[in-house]
Amino acid sequence: MAPHSKAGQALAALREDLAGEVLAPDDPGYDEARTVFNAMIDRRPAVMARCESEADVVTTVRFARELDLPVAVHGGGHSVAGMSLNDGGVVVDMRRMQEVTVHPAAKAVRVGGGAVMSVLDRACQPYGLATTGGRVSTTGATGFVLGGGSGWLDRKFGLAVDNLLGVDLVTADGSTLTATAEDNPELFWALHGGGGNFGVATSITLRLHELPEFAICMLLYPPEAGPEVLRTYRDVVENGPDEAGGGMIYLTAPPEPFVPQHLVGTVMAGALLTYAGGEEALRKLAEPLLALPHEVEVLTALPYADFQCMLDDPPGLRNYWSAEYLSGLPDELVSVFCALGDVMPSGGTQHAIFPLGGAIAEGPPEFPVPYRDSPWAVHPFGIWEDPADDDRCRQWVRDVRSHVERWSTGAVYLNFTGDEGSERVVAGLGAGNLARLGAVKRAYDPDNVFRFNHNIKPA
């Protein structure tokens with residue numbers, strides 16, 4: 001932007017007005033700021049505004065509108081599809097906005113737009129409170145929740161979005177509003193799954209639940225035991241209480257203290273039972289899994305916030321994720337799933353299946369989260385280092401989807417997917433919700449300023 005042009009003058013004013021930092025391509029720190037979790041994403045915004053407050057977000061959105069520049073929003077998390085960056089546009093970067101305020105008497109928490117899950121979880125832990133969060137600590141809380149939000153506690157406490165009490169939003173014209181069940185209720189409905197389509201969520205308020213105890217059982221088995229492990233796991237969870245969650249996964253054994261050295265780097269079948277309760281009850285629940293011959297066993301009580309940090313995926317690798325939501329888990333599908341684990345690319349790639357049901361299925365039916373009724377979800381996530389493996393790893397993820405598709409409900413959780421076309425966006429929001437969502441989009445973002453997302457077109 002030439003310094004004496006309209007754009008140059010606007011940029012100079014933005015630098016002056018913003019409490020946070022403004023970075024253009026020639027500024028020190030620009031390349032570091034535009035580096036995101038997924039190493040496959042390499043985009044060069046014209047301006048990155050590292051906002052420190054809602055006022056900074058307002059100023060940045062108005063700057064972008066003045067110059068008719070596209071706007072992407074970086075909320076602090078993964079954005080594996082690269083939706084938190086653009087080429088030649090403006091990025092509202094909220095990673096400095098991580099304040100979390102717990103209101104224990106009200107069992108509620110207000111979460112800044114840039115807070116990641118570890119900040120939220122650790123703020124709630126001293127009060128024995130928690131809410132449904134992601135499955136790792138580095139997930140951005142706001143994008144996670146507004147996209148639906150599935151995690152270890154969802155069978156007990158519902159989807160994250162079921163616990164949404166309010167959203168503070170900066171809209172496309174640079175104005176601010178709050179959406180709750182009483183204020184702007186139609187917008188509030190749309191934010192239950194519609195993600196970042198309607199504005200920049202500078203903070204959200206969530207309902208908290210008592211979680212005085214938490215325990216896990218992690219077991220690693222030889223990969224050939226996978227089908228028996230998954231059948232057993234299925235029966236344990238489907239006949240168990242809503243406190244039980246977790247998943248079954250094929251993974252390359254990591255160099256962790258609890259993994260014997262001779263297994264590190266080999267593909268294993270893993271079973272994880274999470275339990276919103278005590279260790280003794282979990283041990284009894286896990287007895288059928290413990291009875292199967294296994295190589296690694298970790299069964300312990302621990303703080304939920306500590307567990308959330310145990311399975312973090314490292315940044316800087318190449319990522320391609322997807323999912324299918326399933327109508328059930330019959331034995332034939334068990335065999336198909338496990339066969340796909342046997343041909344999984346080694347390295348960081350993981351092949352997971354999660355149980356749903358419980359409080360998810362019993363949650364509010366009116367929100368645009370059409371996968372609520374699915375009892376199981378398959379989640380292949382390719383993670384690798386060498387660009388030469390791009391085609392092979394992406395193809396394996398697509399193969400997983402195609403092989404399990406006949407058991408799919410057709411619905412999908414969009415936070416687990418990248419840019420897979422408009423049909424998948426419909427699948428993630430529900431075809432019956434599109435007209436209503438499009439009307440909300442037209443009311444709050446008629447020009448589709450916020451389009452770097454699973455986009456809803458103004459209707």
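**View 1. Nine aromatic residues gather into one cluster: Trp 152, Phe 214, Tyr 304, Phe 307, Tyr 325, Phe 354, Tyr 371, Tyr 413 and Phe 416**. The model shown here is predicted. Across the whole structure, a search finds 11 aromatic pairs. The next views pick out two pairs and then a charged neighbour.

**View 2. Phe 214 and Tyr 304 meet edge-to-face**. Their ring centres are 5.2 Å apart, with 75° between the planes; this counts as edge-to-face because the angle is over 60 degrees. Follow the chain and you will see that the pair links distant parts, 90 residues apart. Phe 214 belongs to the loop between strand S11 (209-210) and strand S12 (215-221), while Tyr 304 is in helix H11 (residues 304-308). Phe 214 is buried, at a relative accessible area of 4%, and Tyr 304 is buried too, at 3%.

**View 3. Phe 354 and Phe 416 form a tilted pair**. Here the ring centres lie 6.2 Å apart and the planes make an angle of 35°, so the pair is neither stacked nor edge-to-face. Phe 354 comes from strand S18 (residues 350-355) and Phe 416 from the loop between helix H13 (390-404) and helix H14 (422-429), so the contact ties together parts 62 residues apart in sequence. Both rings belong to buried residues: Phe 354 has a relative accessible area of 7%, and Phe 416 has one of 10%.

**View 4. Arg 135 places its charged end over the ring of Trp 152** **and over the ring of Phe 354**. For Trp 152, the charged end is 5.2 Å from the ring centre. For Phe 354, that distance is 3.9 Å. Trp 152 and Phe 354 are both members of the cluster in the opening view.

Technical notes. Residues numbered from 1 in each chain as written. Predicted model: local features only at pLDDT ≥ 70, side-chain atom pairs only at ≥ 80, totals over all residues. Heavy atoms only, no water. Phe/Tyr/Trp six-rings, centres within 6.5 Å; stacked < 30°, edge-to-face > 60°. Helix = DSSP H or I, 4+ residues; strand = E, 2+ residues; numbered from the N terminus. Buried < 20%, exposed > 50% of the residue type's maximum accessible area, 1.4 Å probe, protein only. Lys NZ or Arg CZ within 6 Å of the ring centre and 35° of its normal.
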